[in-house]
Amino acid sequence: MCEPRGKRLRRGGSYNRRVPIELEENVALRALNAFGVDARARYFARVRSAADLAMLEDDPRLRGVPRLILGGGSNILFTRDVDGLVVKVDVPGMREVGDDGRAWFVEVGAGENWHATVQRLLDADRPGLENLALIPGQAGAAPIQNIGAYGLELAERFHALAAWDVEARDVVTMSPADCNFGYRDSAFKSTFAGRRVILSVTLALPKRWTPVTGYADVANELKARGIAAPTARDIFDAVCAIRRRKLPDPAAIGNAGSFFKNPIVTREQHHALLAHHPSLVSYPMPGGRFKLAAGWLIDAAGLKGATRGRAGVYEKQALVLVNRGGATGAEILALAREVQDKVREKFGVLLEPEPVIV
Ligand SMILES: Cc1cc2nc3c(=O)[nH]c(=O)nc-3n(C[C@H](O)[C@H](O)[C@H](O)COP(=O)(O)OP(=O)(O)OC[C@H]3O[C@@H](n4cnc5c(N)ncnc54)[C@H](O)[C@@H]3O)c2cc1C
């Protein structure tokens, strides 16, 4: 990796620290998942470096024990205890590592909080992530589902990442092509699932910043605020305001954000659906396909605000499943299945869950 440059962005953290790692047993995971459901881990360890991961590999107590990698727990639903090792990634640090004339490169430790990173970069005059403000979780998980919101995806601001390869027992560098980003998708969900632990992500922040305001909610919010030529800070504030109005705060109501991906259908399917449901909400995609608003489908299936036991469909946004207090992961999963069944019956469309279900 390049030498650090921008001192303003330098923040503690070494990816190679070597101190003994503490292996805990029978650890409660409730405070470590945004749904706030009860689950326990047979083994639990916090890693701050590649060296920590190497130490775990060498631990005789962990031979043959399956691993689950955990970041901020904001995109995971525990439906059972984890009979294995939960590896909580806490790699710290942020530093500017260079530029290529068009973009600044900033390397962020996988354990850094994503929203705090967006905010800190904005404060340091490195805009470009403002549309992704207030997405919960850690920087290291951002590539996993190629986080996206309000007209921007991580892939558009991604330069490279460093990951621990479990089989090679070494650190590898991955380019955008290696990550194979798609809509809420990447190679970490298929080829490299469970095989690579992300240690740091290097972002590419455009030197010539241009606002991303094509998304209707953002455009409307800026208009309502009387802003015609927004700064990055204006967009950041607008996105935060929209999200605070629409989405439940996991600290108050357990949830993992959107529980389902927006399904993508062919032109023909879209045509047929529109004929039966003229108010269908959809967005044209490159290649003639259409993305359907999953929240609209769930609402039209009569499930917005539904409650089943202690699990529910959020009143203000049908795409969000919530823990109304004390729900188990199994209850939330049963509700998710009901939502899938009703939407499939009514529209013939399969909703695919976005969070990882354990
Ligand atoms: C209120 C709310 C709103 C949300 N809004 C959005 C949104 O607008 N857009 C969006 O895309 N997402 C959104 N999400 C989902 C979530 O915030 C993101 O997916 C986030 O990137 C998850 O980060 P995390 O650290 O919490 O990951 P976790 O939930 O801990 O893990 C998610 C997955 O990533 C893997 N993983 C985590 N860290 C690493 C690592 N270092 N190396 C390898 N694998 C790893 C885990 O094994 C797991 O498979 C929202 C969630 C909530 C609760």
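## A helix start, its surroundings and some aromatic contacts

At the start of helix α1, a side-chain oxygen of S49 comes to within 3.3 Å of the backbone nitrogen of A51. This detail, like everything that follows, is read from a predicted model, and the account below moves from α1 to the strands, then to a second helix and to the aromatic rings.

Helix α1 spans residues 50-58, and because seven of its nine residues are buried, the helix is largely enclosed by the rest of the structure. The buried residues are A50, A51, D52, L53, A54, M55 and L56, so that A51, whose backbone nitrogen is approached by S49, belongs to the enclosed part of α1. What covers these buried residues includes the strands β2, β3 (67-70), β5, β10, β11 (170-174) and β12 (196-206).

Several of these covering strands can be described further. Strand β2 (residues 40-47) pairs with strand β1 (residues 24-28) in the antiparallel sense, over four bridges, and within this pairing E25 has Y43 of β2 as its bridge partner. Strand β2 is also joined to strand β5 (residues 82-89), in this case by six bridges and with the two strands running parallel; here A45 stands opposite V87 in β5. Strand β2 therefore takes part in an antiparallel pairing with β1 and a parallel one with β5, and both β2 and β5 are among the elements that cover the buried residues of α1.

Strand β10, another of the elements covering α1, comprises residues 158-165 and contains D165. Is D165 buried or exposed? With a relative accessibility of 4%, which lies under the 20% limit, D165 counts as buried. The side chain of D165 is joined to that of R196 by a polar contact of 2.8 Å, and, leaving aside residues up to four places away in sequence, D165 touches D170, V172, R195 and R196.

Helix α4 (residues 216-224) offers a further case, since V218, E221 and L222 are buried in it. Why do these residues lie on the same side of α4? They cover an arc of only 95 degrees around the axis, which places them on the same side of the helix. In general, an α-helix has 3.6 residues a turn, so residues three or four places apart point the same way. The buried residues of α4 pack against α5 (232-246), whereas K223 and A224, on the other side of α4, are exposed. After α4 comes G226, whose phi is positive, near 70 degrees.

Turning to the aromatic side chains, a search of the whole structure finds six aromatic pairs, two of which are set out in the table below.

| Pair | Distance between ring centres | Angle between planes | Arrangement |
|---|---|---|---|
| F188 and F192 | 6.2 Å | 50 degrees | tilted |
| F259 and F260 | 5.2 Å | 70 degrees | edge-to-face |

The angle between the planes of F259 and F260 is 70 degrees, so this pair is edge-to-face, an angle over 60 degrees being what the term requires. Both F188 and F192 are buried, and F259 and F260 are buried as well. F259 and F260 also belong, together with F35, to one aromatic cluster.

Aromatic rings also meet charged side chains in this model. The charged end of K207 sits over the ring of W104, at 4.2 Å from its centre, while the charged end of R233 sits over the ring of F236, at 5.9 Å from the centre of that ring.

Terms used: Residues are numbered from 1 along each chain as its sequence is written. This is a predicted model: local features need pLDDT of at least 70, side-chain atom pairs count only at pLDDT 80 or more; totals for chains, interfaces and linings use all residues. Side-chain values use heavy atoms; hydrogens and water are left out. Buried means under 20% relative accessible area, exposed over 50%, partly exposed in between (1.4 Å probe, protein chains only). A polar contact is a pair of N or O atoms within 3.5 Å; within protein, one must be able to donate a hydrogen and the other to accept it, and residues adjacent in sequence count only if both atoms are side-chain atoms. Contact means heavy atoms within 4.5 Å. Two strands pair if DSSP finds at least two bridges between them. The arc is that of the directions from the helix axis to the C-beta atoms. Rings of Phe, Tyr and Trp (its six-membered ring) pair if their centres lie within 6.5 Å; planes under 30 degrees apart count as stacked, over 60 as edge-to-face and the rest as tilted. A charge sits over a ring if NZ of Lys or CZ of Arg is within 6 Å of the ring centre and within 35 degrees of the ring normal.
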